[in-house]
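Visitor: I have a few questions about this model. Could you walk me through it?

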2 protein chains.
Amino acid sequence: MSTTLLPVIQPEAVACCTPLTSETIDAERADDLAKKLKALADPTRLRLVSIVAASEGGEACVCDLIEPVGLSQPTVSHHLKILMEAGFLTRSKRGTWAYYKLVPGALGQLSQLLDVTASR
Amino acid sequence: MSTTLLPVIQPEAVACCTPLTSETIDAERADDLAKKLKALADPTRLRLVSIVAASEGGEACVCDLIEPVGLSQPTVSHHLKILMEAGFLTRSKRGTWAYYKLVPGALGQLSQLLDVTASR
DNA sequence: ACACTCCATCGACGTTTGTCAATATTCGGA
DNA sequence: TCCGAATATTGACAAACGTCGATGGAGTGT
């Protein structure tokens, strides 16, 4: 398999903080990062994020998510709550329905933290 | 700041593939991604990766990692094994010492998968 | 050969996690 | 006002996880 060239955008605005490995990450930041990664580190939750992102208007209600992931309604609600608390999704209720939507920069910010680490 | 081009070595294992949310991620890919994220989703393991990356020559032996993370030697070895099995670290033994090093593109690849997701 | 150091594995433990059924809550319609 | 539908919460349980102490194996130096 060949090699390709990939454009790398220099982070003029480096997410928020300092590069991840210029110095050793401190325990507090490690804890924070781990929490977010943990929220994403589940196949069901990854699929939920993916489905929501790919949905009409970028949002989906719980009832639309149950069948695709093949789990019970309480379990789906549970996963959505975890994703919300980690800052990846937002919920807006309209009538009896709860619509979940991606938080715009959330995944990108997480991605940048890893990327900076990866660059060394 | 300008943009540069970074050579990316295509791993013989596919793993690169299609954007994460152009279509709904399938269960198999979600499982794979989740495994890697799970390996990183622990504060101790994040610190280990960070310390190894920031170490002299990009590598560190177990004895140098124990004190910084403040855990027992077996626990540190356990975490390092998990990071190895997930493809983030490699081990090379020299004498009695075991030196761990970052796998060059591993974090970047993971980062890209999230980034693609983030772009929508 | 011996002792010592570095590291991995094993066995055990308390905690966290993912899942479900049952129940509660909230809202819209008849 | 009562009923049904969409979600959230609770309680329970098995599986996975993070940690440790004890032990084992492999190198090094004496």
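Guide: Axes are lines fitted to C-alpha atoms, for helices over the stretch in contact, and angles run from 0 to 180 degrees between N-to-C directions. Keep in mind that this is a predicted model.

Visitor: Are α3(B) and α4(B) roughly parallel or roughly perpendicular to each other?

Guide: Their axes come within 9 Å and cross at roughly 110°. Angles of 65 to 115 degrees count as roughly perpendicular. Therefore α3(B) and α4(B) are roughly perpendicular.

Visitor: Which residues of α4(B) make the contact with α3(B)?

Guide: The contact residues divide into six nonpolar, two polar and no charged. From α3(B) come Val62(B), Leu65(B), Ile66(B) and Val69(B). From α4(B) come Gln73(B), Val76(B), Ser77(B) and Leu80(B).

Visitor: What share of the DNA strand C atoms within 4 Å of the protein belongs to sugar and phosphate?

Guide: The strand is surrounded by 24 residues, and His79(A), Cys63(B), Ser77(B), Arg91(B) and Tyr100(B) are the closest. Of the strand atoms within 4 Å of the protein, sugar and phosphate account for 69%.

Visitor: How far from a phosphate oxygen of DNA strand C does a polar side-chain atom of Thr75(A) lie?

Guide: Start with Asp42(A): one of its polar side-chain atoms lies 3.3 Å from a phosphate oxygen of the strand. Val62(B) uses a backbone N or O atom, also at 3.3 Å from a phosphate oxygen. For the polar side-chain atom of Thr75(A), the distance is 2.8 Å.

Visitor: Where in chain A does pLDDT stay under 50?

Guide: Chain A averages a pLDDT of 84, and 77% of its residues score at least 70. The stretch under 50 has 28 contacts beyond four places in sequence in the model. That stretch is residues 4-15.

Technical notes. Residues numbered from 1 in each chain as written. Chains lettered and ligands numbered in written order. Predicted model: local features only at pLDDT ≥ 70, side-chain atom pairs only at ≥ 80, totals over all residues. Heavy atoms only, no water. pLDDT = per-residue confidence, 0-100. Contact = heavy atoms within 4.5 Å. Near = heavy atom within 4 Å. Polar contact = N/O pair within 3.5 Å; in protein donor to acceptor, adjacent residues only side chain to side chain. Helix = DSSP H or I, 4+ residues; strand = E, 2+ residues; numbered from the N terminus. Parallel < 35°, antiparallel > 145°, perpendicular 65-115°, else oblique. Nonpolar A, V, L, I, M, F, W, Y, C, P; charged D, E, K, R; others polar.
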